[in-house]
There are 2 protein chains.
Amino acid sequence: MPAPGRPRGFDRDAALRSALRLFWERGYEAVSISELTEAMGIGARSLYTAFGCKEELFREAVELYGCTPGLGTATERALETAPSARAAIEAMLRDNAEIYADPESPRGCMVVLSATNVSADNESVRLFLEQRRRAVGESVRARLAAAEGEIPACADLDALADYAMTVLFGLSVQAKDGASVAGLHKVIDAAMLGWDGMIRACA
Amino acid sequence: MPAPGRPRGFDRDAALRSALRLFWERGYEAVSISELTEAMGIGARSLYTAFGCKEELFREAVELYGCTPGLGTATERALETAPSARAAIEAMLRDNAEIYADPESPRGCMVVLSATNVSADNESVRLFLEQRRRAVGESVRARLAAAEGEIPACADLDALADYAMTVLFGLSVQAKDGASVAGLHKVIDAAMLGWDGMIRACA
DNA sequence: GTAATTCTGCAACGGTCACTGCACAATGGA
DNA sequence: TCCATTGTGCAGTGACCGTTGCAGAATTAC
């Protein structure tokens, strides 16, 4: 039983995916409504009817990014399935590196890069992504805290988590600048030696 | 003997510093000409007479950032004055961290953050900063290559340099998100253990 | 003084921005 | 068939974008 009224003439999910890709590639403010309507294959009026306004569309696109397998879910999945804290951090970095440098997709992480600088009017958008970055950091911290026995009691969990996030953020910039998947993995090799060093230095 | 014609009615250097601060804080596209003229205390016509156009003004601001002691010179200075490759990398990270989280200045690195996403028309601006980031990476690489004997011959200098740059980039994002100086230093503690691990793993 | 040169304030330029009012189209239910 | 509801195309809204033409102001050289 569809809702009453004229049915929507386009695939809302597909249109949202097109918007996601555009926002991911060039950022929130740098993408105009007319570019969006062209990429989504709809008129401006339909965009507003379906998604409300540009900011709401962006937020929905970020949500979709976050819950799409192979994109934003990589971090969560790595943290949940890896058998140890160390393996979780490494999997998080490596799986994301593959996504960041995938030639089929925009480069780097949408959450890190798509609203780093905005005009005063759109500060709320920047804060929205900042909060999502913070939430990822919290997840990492929680995963470390749950690693009973594996990490020496004297270790600074906050510093470990911040270190992992810093490397993750840096990988996005490197990928945007054209780094290869192999190059990113070499960086992660070094980063994991940093992890081991921190654990060893404390024990 | 000043040049003929009506003399400029404002301090060009001071105006450029105001523009630098604004671009640093919010990025190239997110800052409008009217915001610039207000901050610089001049009319739009004077801005164009003195600086050419918005993009040229931005490039000059980035140059100024790069050659101002306590800002963009920190990296170069650290690489030149530190007594060892390891000390050079550590000084580069720590000195920049102090700048990135300085409460008196915009947060993070202007070169990393002020043009990460731009509209299609201004891609040249993004590429300009990308090239500057690349140049810094080259400087780091060169410093490591010059560290005769200190680094084992089997070490991957490219990976070491890319690792240092990745951490440096990540620190900018962390600072923009509000990280404290102390927090950044803890991250660098970890990062330097990564450095030591890479050296040790190879030797 | 006059000419040449440069800078500045004013008032606009065409273009694009995000967004919307309105008439009409397309559906479901009575 | 007629109504209620919702989506869509068209044509615009006012605001702001980066930029500029022009007249006049301020200086040096003569």
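Here are a few friendly notes on how chains A and B sit together in this predicted model.

1. Symmetry. Chain B superposes on chain A after a rotation of 180 degrees, with 0.0 Å of shift along the axis and an RMSD of 0.0 Å. The two copies are thus related as by a two-fold rotation axis. If you want a place to look along that axis, try Gly194(B): among the residues of chain B, its C-alpha comes closest, at 1.5 Å.

2. Extent of the interface. In this pairing, 41 residues of chain B are in contact with 41 residues of chain A. The interface residues of chain B are 100% shared with those of chain A, so the copies meet through the same surface.

3. Buried area. Between them the two chains bury about 3200 Å², with 58% of it on carbon and sulfur atoms. On the chain B side, the residues that lose the most area to chain A are Asn117(B), Thr166(B) and Asp177(B), which together give 19% of what that side buries.

4. Polar and charged links. The count of salt bridges between chain B and chain A is four. One of them joins the side chains of Lys186(A) and Asp156(B), at 2.6 Å from N to O. Across the interface there are also 12 residue pairs in polar contact, counting pairs with both residues at pLDDT 80 or more.

5. Who supplies the surface. On chain B, the elements giving two or more residues to the side that touches chain A are helix 7 (110-113), helix 8 (123-145), helix 9 (157-176) and helix 10 (181-202). Helix 9 of chain B provides the largest share, 12 residues. By type, the residues on that side of chain B divide into 19 nonpolar, 10 polar and 12 charged.

Methods:
Residues are numbered from 1 along each chain as its sequence is written. Chains are lettered from A and ligands numbered from 1 in the order in which they are written. This is a predicted model: local features need pLDDT of at least 70, side-chain atom pairs count only at pLDDT 80 or more; totals for chains, interfaces and linings use all residues. Side-chain values use heavy atoms; hydrogens and water are left out. Copies are superposed by least squares on the C-alpha atoms of residues with pLDDT of at least 70 in both. Contact means heavy atoms within 4.5 Å. Buried area is the accessible area (1.4 Å probe) that two parts lose on being put together, summed over both. A polar contact is a pair of N or O atoms within 3.5 Å; within protein, one must be able to donate a hydrogen and the other to accept it, and residues adjacent in sequence count only if both atoms are side-chain atoms. Helices (H or I, at least four residues) and strands (E, at least two) are DSSP runs, numbered from the N terminus. Ala, Val, Leu, Ile, Met, Phe, Trp, Tyr, Cys and Pro count as nonpolar, Asp, Glu, Lys and Arg as charged, and the others, Gly among them, as polar.
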